[in-house]
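Visitor: I am new to this structure. Could you show it to me and explain the words used for it?

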Amino acid sequence: MTRPAPRPDRPLHLTALRLLAAVDELGGLGAAARAMGMAQPNASRALAALERELGAMLLDRGPRGSAPTPMGRAILAAAVPLFDAADAFHHDVDVLTSDGTAPLRVSASLTVAEHLMPGWLATYRRLHPGAEVGLRVRNSDRVFDEVLSGACDIGFVETPLSRKNLHGTVVADDHLVVIVAPDHPWATRGSTEGREQNRVTAAELAATPLVLRERGSGTRAILDRALAPWNPVPPAVELGSNAAVAATVRAGQEPGVLSELAVADALAHGDLAVVDVGDELDFSRHIRAVWRGTGPLRAARDLIRIASS
């Protein structure tokens, strides 16, 4: 098949591409056509037109079914971002043209989801009775990924905004703390009762194996940045949740680092103790709302206002 010369007005056969993906998934053109709500002759014509347009055979057609050719599979791999963008576009249009009741898709880091989002969403639903909200709980890196792909409308993270094509605004502040079991030797060190010279230094903390959140989490990113000048040793253990870090610290002899928000109840009940550290360590951080495009959608703007208040 001769490949036609490129044309600036080449049409984009999104339906045909989705049809090709359905053939790959279902193993036959007839099943793919039914899944797409198309008559099989129309489906055949759509795929043939796409093949002519691209100048390549995309489908192996046989008596036992059809399957994408190697070129067809390569085209499908290249089309994945296109499918994501099209889905995000249709969702955005639905929201923009709706009466405000379209589902709001939110992705939030674990600390935000556990300790701040419940109150924010309760206020949001009081302002928008009957509104649907879908919340995904991820680490900060995954939140960035989902906002970029259009899988969610708005994200909330505790890390600096480091991705191209994303925008953000600070909605709250947070602070990391070093925590230990109440009987740990560090529990008696600090700045109270004239013990300012007995704080745990950055060098001591960096030389101590710690119980930490996993890489990719906002908590870990802030800690790694703060300790970087002192070349920290590898962690004692890496865990995927705040609760797991707190429980491990409470049960063992290693210190840990978590958000103040995540350990407030344990500190109030005396299950953990906060270690006073030297002023050379900056454990402060901002909580940000992040979105793609020129600005957040109307429902997302409402949630940002609530989070900022």
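Guide: What follows is a short set of questions and answers about the terms and the places they apply. Keep in mind that this is a predicted model.

Visitor: Why is Asp153 called buried?

Guide: Its relative accessible area is 10%. Buried means under 20%. Asp153 is therefore buried. The residue is found in the loop between α7 (140-149) and β5.

Visitor: What makes the pair of Asp153 and Arg105 a polar contact?

Guide: A polar atom of the Asp153 side chain lies 2.8 Å from the backbone nitrogen of Arg105. A polar contact needs N or O atoms within 3.5 Å, with one able to donate a hydrogen and the other to accept it. At 2.8 Å, this pair is inside the distance limit.

Visitor: Which residues have the most contacts inside the largest nonpolar core?

Guide: They are Trp120, Ile154, Phe156 and Leu303. The core has 23 residues. Several elements each supply at least two of them, including β3 (104-109), α6 (117-127) and β11 (284-292). The largest share, six residues, comes from α12.

Visitor: Which residues does the second core include?

Guide: Val180, Ala202, Leu212 and Val277 are among its 20 residues. This core is separate from the largest one.

Visitor: How do you know that Leu212 is buried?

Guide: Leu212 has a relative accessible area of 7%. The limit for buried is under 20%. So Leu212 counts as buried. Leu212 lies in strand β7 (residues 211-213). Its C-alpha is 6.3 Å from that of Val237, with the two positions 25 residues apart in sequence numbering.

Visitor: Is His184 buried or exposed?

Guide: Its relative accessibility is 9%. That falls under the 20% limit, so His184 is buried. His184 is found in the loop between β6 (166-180) and α8 (202-206). Pro255 is 71 residues away along the chain, and the two C-alpha atoms are separated by 8.4 Å.

Visitor: Why is Asn231 called exposed?

Guide: Asn231 has 64% relative accessibility. Exposed means over 50%, so the word applies to Asn231. Asn231 is found in the loop between α9 and β8 (237-239). Its phi is near 50°, a positive value in a residue other than glycine.

Visitor: What makes Ala244 partly exposed?

Guide: The relative accessibility of Ala244 is 26%. Under 20% would be buried, and over 50% would be exposed. Ala244 falls in between, so it is partly exposed. Its place is in helix α10 (residues 242-251). Ala244 and Arg213 are 31 residues apart in sequence, and their C-alpha atoms are 8.8 Å apart in space.

Visitor: Where does the largest cavity lie?

Guide: Domain 2 (97-171 + 286-308) and domain 3 (173-285) both give residues to its lining, so the largest cavity lies between them. About 40 Å³ of space lies in this cavity. A search of the whole structure finds one cavity of 30 Å³ or more.

Visitor: What lines the largest cavity?

Guide: Its lining includes Ser109, Arg138, Glu158 and Gly218. The lining residues divide into one nonpolar, seven polar and three charged. Both α5 and α9 (218-227) supply at least two of them.

Visitor: What is found at the start of helix α11?

Guide: A side-chain oxygen of Ser259 reaches to within 2.9 Å of the backbone nitrogen of Leu261. The limit for a polar contact is 3.5 Å, and this distance is inside that limit. Helix α11 covers residues 260-268. Just after α11, Gly270 takes a positive phi of about 75°.

Key. Residues numbered from 1 in each chain as written. Predicted model: local features only at pLDDT ≥ 70, side-chain atom pairs only at ≥ 80, totals over all residues. Heavy atoms only, no water. Core = buried A, V, L, I, M, F, W, Y, C linked by side-chain atoms within 4.5 Å. Buried < 20%, exposed > 50% of the residue type's maximum accessible area, 1.4 Å probe, protein only. Helix = DSSP H or I, 4+ residues; strand = E, 2+ residues; numbered from the N terminus. 1 Å grid on protein atoms, 1.4 Å probe; cavity = no way out; pocket = protein on both sides within 12 Å on 5 of 7 lines; lining within 4 Å. Points joined across faces, edges and corners; volume = space filled by probe spheres on them. Nonpolar A, V, L, I, M, F, W, Y, C, P; charged D, E, K, R; others polar. Domains from an automatic or database assignment.
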